[in-house]
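Please find below my notes on the model, set out as numbered points. They begin with the overall architecture and then turn to individual helices and side-chain pairs.

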Amino acid sequence: MNSARSTAFSLLRAAIVACAIGVVGASWAHAEDYSAITTLLKQKKPEQALTAVDKRIETTPRDPQLLFLRGVAQTDLGKTSEAIETFTNLTQLYPELPEPYNNLAVLHAKQNELEKARRALEMAVRGNPNYAVAYENLGDIYARLAAESYDKAQRLDGRMTPSVAPKLTLLRQLFDGRANTGKK
């Protein structure tokens with residue numbers, strides 16, 4: 001009985017070690033995949049990156065890093081609606097991750113869907129109150145929303161022009177990048 005127990009214990013230990021090696025090996029393999037895909041994106045090869053992501057996603061369809069890289073590749077390829085769908089799905093699967101919300105907001109802002117962008121950025125900073133990039137992007141969205149409001153006020157009532165026009169000028173300079181360079 002003791003010999004059988006010892007053999008069973010040895011087999012169990014071997015199985016645990018094999019599983020642990022498999023998990024570490026799989027993690028290492030994933031890290032290599034992420035690195036290779038990220039390198040392709042940095043090299044401005046989004047089509048190849050997307051192909052690599054899609055191949056890897058077949059085996060791990062809910063991998064948040066792969067899904068995020070898919071959205072980045074789709075964005076780089078100009079596949080905006082697909083990227084929006086990818087980032088939206090990622091926020092639904094992993095609502096605690098702020099980065100997909102940020103990227104989703106950028107895409108909405110490019111389509112002038114400022115309210116959607118604002119909501120996404122507010123979710124990003126709710127998920128990570130220390131996410132400086134999302135706060136900067138949120139500030140940009142608030143500035144664009146302010147410009148729209150000032151412009152509408154001026155169109156609705158021309159008497160608002162003296163108080164609104166200087167604000168619009170400053171915001172337009174900010175959007176044109178002139179505020180930081182001193183250009184007019």
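1. Helices (H or I, at least four residues) and strands (E, at least two) are taken here as DSSP runs, numbered from the N terminus. On that basis the protein chain has 9 helices and 0 strands, and its elements, read from the N terminus, run α-α-α-α-α-α-α-α-α.

2. This is a predicted model, in which local features need pLDDT of at least 70 and side-chain atom pairs count only at pLDDT 80 or more, whereas totals for chains, interfaces and linings use all residues. Residues are numbered from 1 along each chain as its sequence is written, and side-chain values use heavy atoms, with hydrogens and water left out.

3. On confidence, pLDDT is the predictor's own score for each residue, from 0 to 100. The mean for the protein chain is 84, and 80% of its residues reach 70 or more. Among the elements, helix H9 (residues 178-181) has the lowest mean pLDDT, at 48, and H4 the highest, at 98. Over residues 1-29 pLDDT stays under 50, and for this stretch the model has 0 contacts beyond four places in sequence, a contact being heavy atoms within 4.5 Å.

4. For burial, I use relative accessible area with a 1.4 Å probe and protein chains only: buried means under 20%, exposed over 50%, and partly exposed in between. Of the 184 residues of the protein chain, 29% count as buried. The chain exposes about 11,800 Å², of which carbon and sulfur atoms supply 57%; these areas come from the Shrake-Rupley method with a 1.4 Å probe, and for residues only the protein chains shown count as cover. Of the contacts with a separation of 6 or more, 44% are between residues 24 or more positions apart.

5. Helix H3 deserves a careful look, and its length raises no concern: its 13 residues should span 18 Å at 1.5 Å a residue, and its end C-alpha atoms are 18 Å apart, which agrees; the expected span is 1.5 Å times one less than the number of residues. Its buried residues are Leu66, Leu67, Leu69, Gly71, Val72, Ala73 and Gln74. At the start of H3, a side-chain oxygen of Asp63 reaches to within 2.9 Å of the backbone nitrogen of Gln65, while Gly78, which follows the helix, has a positive phi near 80 degrees.

6. What does the side chain of Gln74 make a polar contact with? Gln74 lies in helix H3 (residues 64-76) and counts as buried at 6% relative accessibility; its side chain makes a polar contact of 2.6 Å with the side chain of Thr86. A polar contact is a pair of N or O atoms within 3.5 Å; within protein, one must be able to donate a hydrogen and the other to accept it, and residues adjacent in sequence count only if both atoms are side-chain atoms. Leaving aside neighbours within four places in sequence, Gln74 is in contact with Leu50, Lys79, Glu82, Ala83 and Thr86. Glu85, in helix H4 (residues 80-93), counts as exposed at 51% relative accessibility, and its C-alpha atom is separated by 8.3 Å from that of Gly71, 14 residues apart along the chain.

7. Helix H7 (residues 132-156) has 25 residues and reaches 36 Å from its first C-alpha to its last, close to the 36 Å expected at 1.5 Å a residue. Its buried residues are Ala134, Asn137, Leu138, Ile141, Ala143, Leu145 and Ala147, and they pack against helix H5 (98-110), helix H6 (114-127) and helix H8 (161-176).

8. A search of the whole structure finds 8 salt bridges, each being a side-chain nitrogen of Lys or Arg within 4 Å of a carboxyl oxygen of Asp or Glu. In one of them, Arg172 pairs with Asp151, with the closest N and O atoms 3.7 Å apart. This pair links distant parts of the chain, Arg172 in helix H8 and Asp151 in helix H7, 21 residues apart. Arg172 is partly exposed at 45%, and Asp151 is partly exposed at 26%.

9. Further salt bridges include Glu113 with Lys116, at 3.9 Å from N to O, and Arg159 with Asp157, at 3.0 Å from N to O. Glu113 is partly exposed at 26% and Lys116 is partly exposed at 39%, whereas Arg159 is exposed at 72% and Asp157 is partly exposed at 24%. In addition, Glu115, Arg118 and Glu122 are linked in a network of salt bridges.
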